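Colleague: I am new to this structure and would like to go through it residue by residue. Please show it, and then I will ask.

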Amino acid sequence: MAHPTSADNRVPPGQTVTTGFPVLHHGSVPYYNDMSKWDLRIFGLVEEEVRFTYDEFMKLPRAEFRNDIHCVTTWSKLDNIWEGVAVETVMQRVKLKPEAKFVMLHAEHGWTTNLPIEDFLRPTTFFGLKHNGEILTPEHGYPVRMVVPHLYFWKSAKWLRGIEFMDKDKPGFWERNGYHMYGDPWKEQRFDFD
Ligand SMILES: Nc1nc2c(c(=O)[nH]1)N[C@H]1C(S)=C(S)[C@@H](COP(=O)(O)O)O[C@H]1N2
Ligand SMILES: [Mo]
């Protein structure tokens with residue numbers, strides 16, 4: 001019998017469950033040998049820019065998150081357990097300007113992805129540090145990746161380095177290349193061709 005918590009109701013249309021953890025990205029994996037050069041910058045429509053060093057970010061209080069993730073290439077991975085930092089924890093340090101309505105996530109090598117500020121501020125969105133008990137591998141976004149589980153997984157920027165607040169929506173890397181500006185897996189917002 002179907003039950004509200006059965007996998008059926010957790011897998012969006014057009015998706016297939018995988019037990020693996022595929023690696024997908026554009027460009028090369030960054031390997032760090034000196035974390036003293038790493039930082040996470042918060043800029044754009046903020047009263048004052050905020051910068052976390054690696055040591056500062058690693059000392060932030062962490063929480064456990066459980067979720068399902070849905071990649072636009074049609075795999076879904078259920079029951080992920082993460083350790084990470086809540087968006088709220090980071091935002092305690094940030095004073096937003098009232099015009100801030102959208103967010104651009106900036107990753108290594110200039111890779112970007114955009115989302116509305118409400119989606120960034122959702123309590124289910126977080127900065128991921130560990131997946132299923134293990135520190136993120138370089139391929140999966142070490143040291144910090146965004147995790148935005150309610151949108152297709154391309155919004156979950158690996159190798160996060162910057163958070164930019166904007167007044168208007170702007171396309172990130174894949175969004176400029178035809179992916180949907182929002183990317184709701186339950187509405188199959190995969191591509192946005194004119
Ligand atoms: N920095 C960066 N983050 C990225 C990408 C990328 O190319 N660069 N690809 C996105 C895409 S398309 C997907 S499906 C997921 C894949 O994450 P995974 O390799 O951990 O499964 O990362 C997302 N985050
Ligand atoms: Mo993807």
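Modeller: This is a predicted model. A starting point is Q189, in the segment after helix 4 (173-176).

Colleague: Is Q189 buried or exposed?

Modeller: The relative accessible area of Q189 is 17%. Buried means under 20%. Q189 is therefore buried.

Colleague: Which residue has its backbone nitrogen 2.9 Å from a polar atom of the side chain of Q189?

Modeller: Neighbours within four places in sequence are left aside in the contacts of Q189, which include Y152, W154, H180, Y182 and G183. D184 is also in contact with Q189. The backbone nitrogen at 2.9 Å from a polar side-chain atom of Q189 belongs to D184.

Colleague: Y152 and W154 form an aromatic pair; is it stacked or edge-to-face?

Modeller: Y152 is buried at a relative accessible area of 0%, and W154 is buried at 8%. Their ring centres are 5.8 Å apart, with 15° between the planes. Planes under 30 degrees apart count as stacked. The pair of Y152 and W154 is therefore stacked.

Colleague: How many aromatic pairs are there by this rule?

Modeller: Rings pair if their centres lie within 6.5 Å. By this rule the count of aromatic pairs is 15.

Colleague: What kind of pair do W38 and Y54 form?

Modeller: The ring centres of W38 and Y54 lie 6.1 Å apart, and the planes are at 85°. Planes over 60 degrees apart count as edge-to-face. So the pair of W38 and Y54 is edge-to-face.

Colleague: How many residues apart are W38 and Y54?

Modeller: The pair links distant parts of the chain. W38 is in the loop between strand 1 (16-17) and strand 2 (39-44), while Y54 is in helix 1 (residues 54-58). W38 is buried at 1% relative accessibility, and Y54 is buried at 18%. Along the chain, W38 and Y54 are apart by 16 residues.

Colleague: Which residues form one aromatic cluster with W38 and Y54?

Modeller: W38 and Y54 both belong to one aromatic cluster. Its other members are F52, F57, F120, F127 and F165.

Colleague: Which residue lies over the face of F43?

Modeller: The distance to the centre of the F43 ring is 4.3 Å. The residue over that face is R41.

Colleague: Which residues come nearest to ligand 1, and what share of its area does the protein cover?

Modeller: Of the 19 residues around ligand 1, the nearest are P22, H26, H140, R145 and K158. Oxygen atoms of ligand 1 lie 2.6 Å from a backbone N or O atom of P22 and 2.5 Å from an N or O atom in the side chain of K158. A polar backbone atom of L24 is 2.9 Å from an oxygen atom of ligand 1. On its own ligand 1 has 530 Å² of accessible area, and the share covered by the protein is 98%.

Colleague: What is the distance between the C-alpha atoms of A63 and W82?

Modeller: A63 is in strand 4 (residues 63-70) and is partly exposed, with a relative accessible area of 33%. Not counting residues up to four places away in sequence, A63 touches W82, E83 and G84. A63 and W82 are 19 residues apart along the chain, and their C-alpha atoms are separated by 8.3 Å.

Colleague: Is E134 buried or exposed?

Modeller: E134 is in strand 9 (residues 134-135). Its relative accessibility is 55%, and exposed means over 50%. E134 therefore counts as exposed.

Terms used. Residues are numbered from 1 along each chain as its sequence is written. Chains are lettered from A and ligands numbered from 1 in the order in which they are written. This is a predicted model: local features need pLDDT of at least 70, side-chain atom pairs count only at pLDDT 80 or more; totals for chains, interfaces and linings use all residues. Side-chain values use heavy atoms; hydrogens and water are left out. Rings of Phe, Tyr and Trp (its six-membered ring) pair if their centres lie within 6.5 Å; planes under 30 degrees apart count as stacked, over 60 as edge-to-face and the rest as tilted. Helices (H or I, at least four residues) and strands (E, at least two) are DSSP runs, numbered from the N terminus. Buried means under 20% relative accessible area, exposed over 50%, partly exposed in between (1.4 Å probe, protein chains only). A charge sits over a ring if NZ of Lys or CZ of Arg is within 6 Å of the ring centre and within 35 degrees of the ring normal. Contact means heavy atoms within 4.5 Å. A residue is near a molecule or strand if one of its heavy atoms lies within 4 Å of it. A polar contact is a pair of N or O atoms within 3.5 Å; within protein, one must be able to donate a hydrogen and the other to accept it, and residues adjacent in sequence count only if both atoms are side-chain atoms. Accessible areas come from the Shrake-Rupley method with a 1.4 Å probe; for residues, only the protein chains shown count as cover.
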